[in-house]
Structure formats: C-alpha cells, structure tokens
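This report concerns a protein model with DNA. Please inspect the sequence and the coordinates below before reading on.

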Amino acid sequence: MTQFWLVKSEPEAFSWDQQVENGVEPWTGVRNHGAKLNLKAMKLGDRAFFYHSNTGKEIVGVVEVVREAYPDPTAEKGDWVSVDMKAVAPMPQPVTLAAIKADPSLAELALVRQSRLSVMPVSPAHWQQLCEMGKWKT
DNA sequence: GCCAACGTTGGC
DNA sequence: GCCAACGTTGGC
C-alpha cells in the first residue's frame, strides 16, 4: 500500500529546482532518529511532498521513492540511511505553511506539531486535502 | 539514570 | 536577530 510523506529541505542547501534538474536524487544527511525511522519505512512508489523550510515555507512539489533505505554515504559514523527520490511534478499552486496553519483540519499534521522533524508521515486524508489546496492534478 | 547546559532547527 | 522546541552531551 502506498504511503505518503513530507520531506523538508532548506532551498539554500538543496532546492526543488535542483531536484527537478537532477531527476533522481539521493536524500541524504538526515541525522535525527525519528526522521530515520520514517525513511526506513518508505517503500518503492511512496510519494512525498517536497517542502522548502526557512526560505519559502511552502510545499513546492511531489517526489516519489525510487530506492528504499540504504546506508547514507554521507554519514561518517552511525547507521544513518538515505532513500532515492525522483521528482514527479511541481505543485501547480504551492501550499504555504501559513495556509496550512490557518486550516484547523490540518492542525494534527506533524509539520505543525513538530516543526523540527525533517521527514514525517502524512495521512491519506491530509494528503488529499493538501493536494486539493495545491491544485494537484492526479 | 537524572538533569542542567548547550547546540541546532526553523518560524517569526 | 530572537526565541521556542527539542535533541545531545556531560557531570554527578
């Protein structure tokens, strides 16, 4: 069964434009145990919102998992993992954090509740709602 | 094993 | 630039 996620990146470090340009890109550098567990739970074909933190603060696109968890090549020690993500398409209309926070039905979203978590699950209901807000065409 | 100090992330 | 949240480190 396909699951849904949200991954964050500071656009100064790695932006949606770079993801689109590269096509498939390893998602490395996660150094938080909660986020690591989420990476490990990702399956081929799962989709994730690509969120720009810090600058932008909005969901800008959708990516798909094309390789499941493997040891993070950028980790010098510890058993951190990476997955490979492929750009699917940009959000026709980016969904801002402000819009998410303004909607009471999204108050349970981990993005709102745990602002520091960089990889988090999104429930199917929330996924659908966020897609509608972003004018996502399925 | 507890807890204070400190560092990092991310929103404002 | 500030501050809240929270993870990590180190003394006891």
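The sections below treat the basis of the model, the DNA contacts, the largest pocket and one helix.

## Basis of the model

The model is predicted: local features require pLDDT of at least 70 and side-chain atom pairs pLDDT 80 or more, whereas totals for chains, interfaces and linings use all residues. Residues are numbered from 1 along each chain as its sequence is written, chains are lettered from A and ligands numbered from 1 in the order in which they are written, and side-chain values use heavy atoms, with hydrogens and water left out.

## DNA strand B

The residues near DNA strand B are K8, E10, Y51, S53, N54, K57, L97, K101, S115 and R116, where near means that a heavy atom of the residue lies within 4 Å of the strand. By class, this surface has two nonpolar, three polar and five charged residues. Here Ala, Val, Leu, Ile, Met, Phe, Trp, Tyr, Cys and Pro count as nonpolar, Asp, Glu, Lys and Arg as charged, and the others, Gly among them, as polar.

Sugar or phosphate accounts for 79% of the strand B atoms within 4 Å of the protein, and bases for the rest. Polar contacts (pairs of N or O atoms within 3.5 Å) include a polar backbone atom of N54 at 2.8 Å from a phosphate oxygen. A side-chain N or O atom of K101 lies 2.9 Å from a phosphate oxygen, while one of R116 is 3.2 Å from a base oxygen.

## DNA strand C

N32, H33 and R116 surround DNA strand C. Of the strand C atoms within 4 Å of the protein, 44% belong to sugar or phosphate and the rest to bases. A polar side-chain atom of R116 is placed 2.3 Å from a base oxygen of this strand.

## Largest pocket

The largest pocket holds about 430 Å³ of space. It is lined by 17 residues, of which K8, S9, E10, W27 and S118 are the closest to its centre. Strands β1 and β2 (24-27) each give two or more residues to the lining, and β2 gives the most, with three. The lining comprises six nonpolar, six polar and five charged residues.

## Helix α5

Helix α5 spans residues 124-133, and H126, W127, Q129, L130 and C131 in it are buried, that is, under 20% relative accessible area with a 1.4 Å probe and protein chains only. The elements covering these buried residues include β1 (4-9), β3 (47-52), β4 (58-71), β5 (81-96), α3 (97-101) and β6 (119-122). Just after α5, K135 adopts a positive phi of about 60 degrees.

Terms used: Buried means under 20% relative accessible area, exposed over 50%, partly exposed in between (1.4 Å probe, protein chains only). Helices (H or I, at least four residues) and strands (E, at least two) are DSSP runs, numbered from the N terminus. Contact means heavy atoms within 4.5 Å. A polar contact is a pair of N or O atoms within 3.5 Å; within protein, one must be able to donate a hydrogen and the other to accept it, and residues adjacent in sequence count only if both atoms are side-chain atoms. On a 1 Å grid over the protein atoms alone, a cavity is a set of points where a 1.4 Å probe fits but cannot get out, and a pocket is an open set with protein on both sides within 12 Å along at least five of seven lines; lining residues have an atom within 4 Å of a point. Grid points are joined across faces, edges and corners, and a volume is the space filled by probe spheres set on the points.
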